[in-house]
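Work through the exercises below with the sequence and the model open. Each task is followed by a solution in steps.

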Amino acid sequence: MVKFDFETYQNIEINDYNLDKVLDVFLDDNKLAGWYQLDNSNLDDITSTANYIKDNCDVFLVIGIGGSYLGPQAIIEALSPYFKQNNPEIIFCGNNLSSDYLDDLIKYIKDKDIMINIISKSGTTLEPVISFEYLLDYMEDKYGKGNFNRRVIVTTDSKNSPLMAMAEANHYKSFVIPTNIGGRFSVLTPAGLLPMAVADIDIEKLFDGANAAKCNLDDCYYYTVLRHLMYKKGKLIESFNVYEPKLYYFAEWIKQLFAESQGKQSKGLLPVSTVNTRDLHSIGQYYQDGPKILFETTLFNRSKEDIYISKYSKTLNQINHIAMQSVALAHQHAGVPTTVIELDQINENNLGYLIFFFEMSAMLGSYLLGVRYYDQPGVNAYKTIIQEKIKPML
Ligand code: PA5
């Protein structure tokens, strides 16, 4: 169950914004709202491929950057126990250009059987492509030329991606990221679902949660209007706070979703995040006493296990909850309002719900701002320059 508390905001009139009508406009006209369909028709193929991966490697390497890795990393971390490695171990790579990272990775996997999944919608992004090509060479040495094609899985767009042509030529298993679903909206496509299925996440339940959010848009409309009004009032930053460290990557996913969807034409809120209570002892000072340019959206969950702390006659969940409420109150007194989103537990249903909720808000909020939610010209700007600089080296 996901519960929204908008108590610190009064008198927000969402009917003025007609978001129902805005949604119709998007669904009629927009070629890139494929994620809204919540198509789960390929779950059998994903599950059987995941089973093959589980049976055939010690380490599963997931290569991708931005929207092509944050979703699965967020969900896998959120739903895995602390201090327990998945079997096979799942390692995300291709999201940096660190030589040390790749070198240490090669050393780490030396005596282990590996399979790799490159996820790239365009099939041309430098970081994943470099790691992919390097790992293909490594696999050729390790397994012998022509002996490792069943160890490679490609997840990409079916049109215009050089990776799809490569998969066909080399008989790699491939999955399609539909052309009408942008990278950061692809978490519920094979881009996110295959790594999650390898981590034994119940992907059908993610869809159940997402469908529940789709049937209940009122809170999403409220939240969308609220953040728009905050922006219009001069707030420039929205901080997404979590009180469970394993939600760190979920906050990273939200940040990417909003930043790339709305940070355009010199408009948009800057999304940042904190992991509390840790960050109350650092950046919390700024939130309380710095310029009043931010507001907060807090995700609070009850932990599965609850530990009784006899000194305080309270459970740790209760103390964490008191901390969250105290922070919200202290910040509110200082002019920093908070929305609290409470999860009765971290599970597939609730995370699926939030995925759809935030995707929907990113789309509708972009309409209120007057920007296109589905492109990322700012990211492409650097990609184009780097490609130009790299080309003569090829
Ligand atoms: O969300 C997005 O669209 C981007 O963050 C992309 O996912 C990121 O740039 C990676 O692109 P690609 O999947 O084409 O390699």
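The protein has 14 helices and 12 strands. The model is a predicted one.

**Exercise 1. Overall dimensions**

Task: Decide whether the radius of gyration of the protein agrees with that of a compact globule.

Solution. Step 1: take the chain length, which is 394 residues. Step 2: for that length, a compact globule would have a radius of gyration near 21 Å. Step 3: the protein has 22 Å, so the value agrees with the globule rule. Step 4: add the extents of the C-alpha trace, which spans about 65 × 55 × 40 Å along the principal axes.

**Exercise 2. Interior, contacts and surface**

Task: Describe how much of the protein is buried and what its exposed area consists of.

Solution. Step 1: of the 394 residues, 54% are buried. Step 2: among contacts with a separation of 6 or more, 80% join residues 24 or more positions apart. Step 3: the exposed area is about 18300 Å², and carbon and sulfur atoms supply 51% of it. Step 4: for the charges, compare the mean position of the 36 positive ones with that of the 48 negative ones; the two lie 3 Å apart.

**Exercise 3. The surroundings of Cys220**

Task: Locate Cys220 in its helix and classify Cys220 as buried or exposed.

Solution. Step 1: Cys220 belongs to helix α9, which covers residues 218–232. Step 2: the relative accessibility of Cys220 is 1%. Step 3: buried means under 20%, and Cys220 therefore counts as buried. Step 4: list the contacts of Cys220 beyond four places in sequence; these are Phe357, Met360 and Ser361. Step 5: look also at Leu19, which is 201 residues from Cys220 in sequence but 9.7 Å away in space, C-alpha to C-alpha.

**Exercise 4. Aromatic rings**

Task: Classify the ring pair formed by Tyr373 and Tyr374, then the accessibility of Tyr373 and of Tyr374.

Solution. Step 1: a pair of aromatic rings is described by the distance of the centres and the angle of the planes. Step 2: ring centres within 6.5 Å make a pair, and planes over 60 degrees apart make it edge-to-face. Step 3: the count for the protein by this rule is 21 aromatic pairs. Step 4: Tyr373 and Tyr374 are 5.5 Å apart centre to centre with 90 degrees between the planes, an edge-to-face pair. Step 5: Tyr373, at 1% relative accessibility, counts as buried, whereas Tyr374, at 25%, counts as partly exposed. Step 6: ring pairs also link a cluster, with Phe4, Phe6, Tyr222 and Phe357 among its members. Step 7: Phe357 is also one of the contacts of Cys220.

Methods:
Residues numbered from 1 in each chain as written. Predicted model: local features only at pLDDT ≥ 70, side-chain atom pairs only at ≥ 80, totals over all residues. Heavy atoms only, no water. Helix = DSSP H or I, 4+ residues; strand = E, 2+ residues; numbered from the N terminus. Rg over C-alpha atoms; globule rule 2.2 N^0.38 Å. Buried < 20%, exposed > 50% of the residue type's maximum accessible area, 1.4 Å probe, protein only. Contact = heavy atoms within 4.5 Å. Areas by Shrake-Rupley, 256 points an atom, 1.4 Å probe, with all protein chains shown as cover. Lys, Arg positive; Asp, Glu negative; His and termini not counted. Charge placed at Lys NZ, Arg CZ, Asp CG, Glu CD. Phe/Tyr/Trp six-rings, centres within 6.5 Å; stacked < 30°, edge-to-face > 60°.
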